[in-house]
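Reader: I should like to learn how the features of a protein model are read. Please give the general idea in each case before turning to the example.

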Amino acid sequence: KEGAVIETSDVRPSKAEIEAALPHFVGDIQQVPPIYSAIKVDGERAYKLARDDKPVELKPRSIFIEQFKLIDMPDVDHASFAVTTGKGAYIRGLARDIALHLGTVGHISTLRRTRVGPFSESDAISLAKLEELGHNSAAVDILRPVETALDDIPALALTEDEARRLRSGQAVSALQVAKRTPLNDIDQGATVCAMSDGKVVALAKFEGGEIRPFRVLNL
């Protein structure tokens with residue numbers, strides 16, 4: 001809704017037309033990010049260039065849309081959707097593209113994120129509550145362990161010596177780890193969560209017979 005109106009249309013698609021269009025935007029699709037995005041163009045954020053009325057040219061990128069459902073049509077000018085996406089997808093881009101697909105134009109009027117990975121709205125606290133907690137000990141009862149955000153990444157148990165090597169940025173032999181934990185379901189290049197004594201040591205890549213750290217966590 002920000003800025004000047006750049007285009008209008010008298011076309012108002014029906015519920016049936018919208019539902020028929022949705023399958024075109026599910027699965028692996030190409031999307032050009034909106035110009036009001038944080039993507040850098042020649043070192044500048046796209047949204048800054050757009051707000052300064054400078055030309056912004058963004059290339060299409062591959063994104064994954066798991067689910068795209070029409071929830072409600074309160075009037076001819078508005079439709080509500082529920083979308084489940086992979087990373088890198090822009091909901092504003094989806095609104096723009098489905099409108100164009102239907103022969104009209106459109107934009108997001110309200111956007112609400114209800115889940116990020118394993119965390120849903122029921123896990124959230126308000127900003128006011130966060131400010132109230134500050135750095136006092138009561139925050140411990142609300143904060144989740146780091147491991148909670150890594151539940152969907154395969155975990156590998158390391159010895160103390162292996163953990164020490166990863167912490168110093170060195171790779172460890174996948175063969176030695178495989179003797180204790182089968183690696184059959186882990187593909188080359190996959191990200192793994194290296195654990196020692198029940199704590200996360202590092203996020204690492206399984207490559208060329210080695211487990212190579214790329215993000216060491218000092219917890």
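Author: Let us begin with secondary structure: helices (H or I, at least four residues) and strands (E, at least two) are DSSP runs, numbered from the N terminus. Just after helix 3, Gly103 adopts a positive phi of about 80°. The model is a predicted one, in which local features need pLDDT of at least 70 and side-chain atom pairs count only at pLDDT 80 or more, whereas totals for chains, interfaces and linings use all residues. Residues are numbered from 1 along each chain as its sequence is written, and side-chain values use heavy atoms, with hydrogens and water left out.

Reader: Which residues of helix 3 are buried, and what do they pack against?

Author: Buried means under 20% relative accessible area, exposed over 50%, and partly exposed in between (1.4 Å probe, protein chains only). Contact means heavy atoms within 4.5 Å. In helix 3, residues 91-101, the buried positions are Gly93, Leu94, Ala95, Asp97, Ile98 and Ala99. These buried residues pack against helix 1 (15-21), strand 1 (27-31), strand 4 (61-75) and strand 5 (78-85).

Reader: How is the sheet that contains strand 1, strand 4 and strand 5 to be read, and what is its order?

Author: Two strands pair if DSSP finds at least two bridges between them. Here an open sheet of 3 strands has the order 1-4-5, and its pairing is antiparallel. Strand 1 and strand 5 are at the edges with a single partner strand each, so one side of each has no neighbour in the sheet. For angles, axes are lines fitted to C-alpha atoms, for helices over the stretch in contact, and the values run from 0 to 180 degrees between N-to-C directions. With direction ignored, neighbouring strands of this sheet are turned by 60° against each other on average. Helix 3 lies across strand 1, strand 4 and strand 5, and runs at about 85° to strand 1.

Reader: How many bridges join these strands?

Author: Strand 4 and strand 5, which run antiparallel, are joined by 7 bridges. A hairpin of 2 residues connects them, and His78 in strand 5 is the bridge partner of Asp75. Between strand 1 and strand 4 the antiparallel pairing extends over 5 bridges, with Gln31 opposite Arg61 in strand 4.

Reader: What is the order of the sheet of 5 strands?

Author: That open sheet has the order 8-10-11-12-9, with mixed pairing. Its edge strands, strand 8 (155-157) and strand 9 (172-173), each pair on one side only. Strand 10 and strand 11 are antiparallel over 6 bridges, and Thr191 stands opposite Lys205 in strand 11. Helix 5 lies across strand 8, strand 9, strand 10, strand 11 and strand 12 (210-216), at about 55° to strand 12.

Reader: How many residues does the largest nonpolar core have?

Author: A nonpolar core is a set of buried Ala, Val, Leu, Ile, Met, Phe, Trp, Tyr and Cys residues joined through side-chain atoms within 4.5 Å. The largest has 15 residues, and those with the most contacts inside it are Leu156, Leu166, Val192 and Ile211. At least two residues each come from helix 5 (160-167), helix 6 (174-178), strand 10 (191-196) and strand 11 (199-207). Strand 11 gives the largest share, 4 residues. A second, separate core of 13 residues includes Ala21, Ile63, Ile65 and Ile98.

Reader: With which residues is Leu166 in contact, leaving aside its neighbours within four places in sequence?

Author: With those neighbours set aside, Leu166 is in contact with Leu158, Ala171, Val172, Ala194, Val201, Ile211, Pro213 and Val216.

Reader: Is Cys193 buried or exposed?

Author: Cys193, which is found in strand 10, counts as buried because its relative accessibility is 4%. Apart from neighbours within four places in sequence, the residues in contact with Cys193 include Leu150, Ile153, Pro154 and Ala155. Cys193 and Ala128 are 65 residues apart in sequence, and their C-alpha atoms are 33 Å apart in space.

Reader: How does one read Ser14, and where does Ser14 lie?

Author: Ser14 lies in the segment before helix 1. Ser14 counts as partly exposed, because its relative accessibility is 34%.
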